[in-house]
Structure formats: C-alpha cells, structure tokens
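Please look through the model shown below with its internal cavities in mind. The report that follows describes what lines them.

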Amino acid sequence: MASTAKLEISHPQQQVVKPVKKVHYPFWFGGSASCFAAAVTHPLDLVKVRLQTRGPGAPSTMLGTFGHILRNNGFFGLYNGLSAALLRQLTYSTTRFGIYEELKSRFTSPSQSPSFFTLLGMACTSGILGGIAGNPADVLNVRMQSDAALPPAQRRNYRHAFHGLVQMTRTEGFSSLFRGVWPNSTRAVLMTSSQLVSYDVFKRLCLEKFGMKDNVVTHFSASFAAGFVATTVCSPVDVIKTRVMSASPSETRGHNIVGLLREISRKEGLAWAFRGWVPSFIRLGPHTIATFIFLEEHKKLYRYLKGI
C-alpha cells in the first residue's frame with residue numbers, strides 16, 4: 001500500500017510539460033491577406049479618394065459619389081485602379097506585415113507577451129520601410145482611382161498598373177514614382193503602429209481579460225477596434241497624401257508640405273484633416289477586418305499543414 005501511494009504521489013512529477021513552440025510564418029502572408037481584403041473593399045477605397053479630391057460640382061457624400069460612378073462609369077467603374085491596388089498590397093503590405101511579424105518572431109518569446117512600446121517600435125520600423133516600398137504603386141492607385149473624375153483632357157488613361165509605371169517614368173521622370181513618399185511613409189508608420197499594434201493589444205485583451213477563445217469572433221472584435229483607431233489616427237496624413245499624389249506637376253511646383261498645409265487650411269479650414277473620415281472608416285474598417293481574418297486563416301492553415 002505504501003508503495004502504491006508513493007507511485008500515485010510521484011506520478012504527477014513524471015509528467016513532461018511541452019514548451020510552447022514558436023511558429024515562423026512565411027514573409028508573404030500579410031501581403032496575400034491584404035490582396036484578398038483589397039479585392040473586397042476596393043469600391044470603398046475608390047469613393048474615399050474621389051471625395052478627398054473632388055472638384056466643384058462633384059458629389060459631396062459617399063452615396064452620391066457611388067451613384068455618380070455607377071451612372072457615368074457603370075458597375076466596373078467601381079473597380080478602376082484595382083491592378084494598382086493589388087500591386088500596392090503586394091509591395092506595401094507584404095513589406096510592413098512581413099517585417100513586423102519577422103521582428104516579433106525573432107525578438108519576442110512565445111511564453112511572454114511583448115510590451116506595448118516594443119510592438120510600437122517594431123511597427124514604426126516596418127511601417128516606414130513599407131511606405132517607401134509601396135510608394136510607386138500608391139501613386140498609381142490614387143491616380144487611377146481619381147482619373148475618371150477629371151475632365152477628359154486631363155485624364156492620364158493608364159490601362160493598368162504596369163502601363164502607368166512606364167508612362168509615369170517616361171513622361172515625368174523616375175522621381176515621380178516617389179512623389180509624396182514622406183507623407184506616405186509617415187502615414188505608413190501611423191497606419192502600421194495604430195493598426196497592427198492595436199490589433200495585437202485588443203486581441204490580447206479579448207483572450208486574457210474577457211476570456212474569449214482564439215477564434216473568428218475574437219479576430220473580428222479586435223480588428224474592428226483596430227480599424228477605428230487606424231482611421232482616426234491616419235485621417236489627416238491620408239488627405240495630404242492623396243492631394244499630393246493626385247496633383248499635377250504644375251500644381252505642386254513651388255509648394256512643400258508645409259506650404260500645402262497652409263494653403264489647404266486657408267481655403268477649407270481645419271475640417272480638411274477629417275474630410276472623408278466616414279468613407280475612410282467604412283473602407284478601412286472592413287479592410288482591416290478582412291485582412292486580419294484572412295491573415296489568421298493563413299496562419300491556421302499553415303499550422304495545420306505543418307502539424308503544429
């Protein structure tokens with residue numbers, strides 16, 4: 001009996017606790033997930049750009065802009081510039097998501113969650129690199145989306161993203177591909193830090209504080225909150241970036257960013273900073289939700305295939 005009792009007491013001590021395995025996901029997962037999301041939310045992004053660059057007499061509401069596009073360009077007019085949008089995600093989002101996840105994988109432990117400021121530093125680094133990498137495609141994206149709203153004589157008529165790249169380089173020089181690179185990189189830093197970091201923070205709160213499971217409901221909740229934060233933080237820089245990228249060389253000649261801000265504020269007041277906020281959130285909210293849900297499904301499938 002004593003021998004049996006001794007075995008029962010010692011049995012729990014013989015259990016081996018398996019260490020948490022760190023999973024290293026492929027670099028391209030973020031770009032792939034963002035491409036899926038962009039294909040879903042592109043019409044909303046198109047309307048946001050049209051509102052931010054609208055001229056006199058153009059519709060001033062989201063629904064009015066939707067109706068105007070459908071009447072004048074048909075259903076497929078809502079997908080003007082889709083090739084540039086996908087190219088942008090393949091460059092910009094692949095870089096920022098890939099570097100952010102790579103830094104998290106290399107410099108954090110699976111047994112201890114990284115601090116907010118650690119995540120913030122990683123996001124800022126990946127954001128600025130993503131902004132630079134995706135700038136040419138971002139210029140094309142803005143131009144192709146706003147092209148149909150211009151008078152026929154001023155339209156650039158890019159057939160697709162690669163045609164646009166060649167035309168821009170040929171007619172405006174190589175430097176045109178990096179027009180607005182600094183406001184764009186600033187926006188990329190703000191977007192990455194507010195979107196990716198807030199998603200990780202909100203997801204951690206859902207799991208640790210509210211007892212939620214790591215499932216689609218948690219991913220949806222965390223990404224919805226992240227989309228709200230990202231839209232508010234990025235709105236002023238997003239408006240500046242859109243104005244700079246859609247402008248012709250004659251409109252920007254002699255104006256730096258400070259001068260452009262002063263001119264916009266003089267004409268429109270401080271309300272310019274949040275022009276298009278509602279369509280931006282309606283676009284960025286679903287885009288953020290779709291991106292993170294697709295990303296989590298990428299990861300889930302990867303773990304299944306690897307037997308993790």
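In this predicted model, helix H2 (29-52) provides the largest share of the lining of the largest cavity, namely 4 residues. Helix H4 (82-107) and helix H11 (277-306) also supply at least two residues each to that lining. The residues around the largest cavity are Ala38, Thr41, His42, Asp45, Ala85, Arg88, Gln89, Asn141, Arg283 and His287, and by class they divide into 2 nonpolar, 5 polar and 3 charged.

The structure holds 4 cavities of 30 Å³ or more, and the two largest are set side by side in the table.

| Cavity | Volume | Nonpolar | Polar | Charged |
|---|---|---|---|---|
| Largest | about 80 Å³ | 2 residues | 5 residues | 3 residues |
| Second largest | about 70 Å³ | 3 residues | 4 residues | 4 residues |

For the second largest cavity, H4 gives the most to the lining, with 5 residues, while H4, helix H7 (181-208) and H11 each supply at least two residues. Its lining is made up of Arg88, Gln89, Tyr92, Ser93, Arg96, Arg187, Met191, Gln195, Arg283, Leu284 and His287. At the level of domains, this lining draws at least three residues from each of domain 1 (80-179) and domain 2 (181-275).

Read together, the two lists of lining residues overlap: Arg88, Gln89, Arg283 and His287 appear in the lining of the largest cavity and also in that of the second largest cavity.

Technical notes
Residues are numbered from 1 along each chain as its sequence is written. This is a predicted model: local features need pLDDT of at least 70, side-chain atom pairs count only at pLDDT 80 or more; totals for chains, interfaces and linings use all residues. Side-chain values use heavy atoms; hydrogens and water are left out. On a 1 Å grid over the protein atoms alone, a cavity is a set of points where a 1.4 Å probe fits but cannot get out, and a pocket is an open set with protein on both sides within 12 Å along at least five of seven lines; lining residues have an atom within 4 Å of a point. Grid points are joined across faces, edges and corners, and a volume is the space filled by probe spheres set on the points. Ala, Val, Leu, Ile, Met, Phe, Trp, Tyr, Cys and Pro count as nonpolar, Asp, Glu, Lys and Arg as charged, and the others, Gly among them, as polar. Domain bounds come from an automatic or database domain assignment.
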